[in-house]
Amino acid sequence: MSYDIAIVTAIYNPKEKYLVEQIKSYEEQYYKGFCVLFVVADRKSHSLIEKIAEQYSLSYSIVTPDFNLGPREAFGFGIQEILENYK
């Protein structure tokens, strides 16, 4: 599927409360022609993201690099993923 906008969200040891708020804010956007790519920079928050995101009608993908990333590297990883796989 093609989207006009892709949002890269780097995740590292999130507090569930704030992650819920972030995902809910995506869901409440008026414009719906976007997808969210979650980059699991801590390599362990995949299931938490899935648990929360499945509660919304959000178009999303989750990628987990093979190594821990800092915020800048996680964002760069997400941008590269978007450029290579989302046309």
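**Exercise 1. How many bridges join strand E1 to E2, and in which sense do the strands run?**

Solution. The structure is a predicted model.
Step 1. Strand E1 covers residues 5-11, and 7 bridges join E1 to E2.
Step 2. The two strands run parallel.
Step 3. One position in this pairing is Ile11, which stands opposite Val40 in E2.
Step 4. The connection is then assigned: E1, helix H1 (residues 16-27) and E2 make a right-handed β-α-β unit.

**Exercise 2. Determine how E2 is related to strand E3.**

Solution.
Step 1. E3 spans residues 60-63, and E2 pairs with E3 in the parallel sense over 4 bridges.
Step 2. Within this pairing, Leu37 stands opposite Ser61 in E3.
Step 3. Helix H2 (residues 46-53) completes the motif, since E2, H2 and E3 make a right-handed β-α-β unit.

**Exercise 3. Establish how the residues of E2 are oriented and whether they are buried or exposed.**

Solution.
Step 1. Strand E2 comprises residues 34-40, and 7 of its 7 residues are buried.
Step 2. Phe34, Val36, Phe38 and Val40 point one way from the strand.
Step 3. Cys35, Leu37 and Val39 point the other way.
Step 4. Residues of both sets are buried, so E2 is covered on each side.

**Exercise 4. Identify the residues that touch the most other members of the largest nonpolar core, and the elements that supply this core.**

Solution.
Step 1. The core has 14 residues; those touching the most other members are Leu19, Ile23, Tyr26, Val36, Phe38, Ile49 and Leu58.
Step 2. H1, E2 and H2 each supply at least two residues of the core.
Step 3. Apart from this core lies another of 8 residues, with Leu37, Val63, Ala74 and Ile82 among them.
Step 4. As a worked case, the contacts of Ile49 are Ile11, Leu19, Ile23, Phe38, Val40 and Ile62, leaving aside residues up to four places away in sequence.
Step 5. For context, nonpolar side chains tend to be buried together in soluble globular proteins.

**Exercise 5. Classify the aromatic pair formed by Phe38 and Tyr60, and state which parts the pair ties together.**

Solution.
Step 1. The count of aromatic pairs comes to 1.
Step 2. In the pair of Phe38 and Tyr60, the rings lie 6.2 Å centre to centre with 70° between the planes. Because an angle over 60 degrees counts as edge-to-face, the pair receives that label.
Step 3. Phe38 belongs to strand E2 and Tyr60 to strand E3, so the pair ties together parts 22 residues apart in sequence.
Step 4. Phe38 counts as buried because its relative accessibility is 0%, whereas Tyr60, with a relative accessible area of 24%, is partly exposed.

Methods
Residues are numbered from 1 along each chain as its sequence is written. This is a predicted model: local features need pLDDT of at least 70, side-chain atom pairs count only at pLDDT 80 or more; totals for chains, interfaces and linings use all residues. Side-chain values use heavy atoms; hydrogens and water are left out. Buried means under 20% relative accessible area, exposed over 50%, partly exposed in between (1.4 Å probe, protein chains only). Two strands pair if DSSP finds at least two bridges between them. A crossover is right-handed if, with the strands pointing away from the viewer, the path from the first strand over the helix to the second runs clockwise. A nonpolar core is a set of buried Ala, Val, Leu, Ile, Met, Phe, Trp, Tyr and Cys residues joined through side-chain atoms within 4.5 Å. Contact means heavy atoms within 4.5 Å. Rings of Phe, Tyr and Trp (its six-membered ring) pair if their centres lie within 6.5 Å; planes under 30 degrees apart count as stacked, over 60 as edge-to-face and the rest as tilted.
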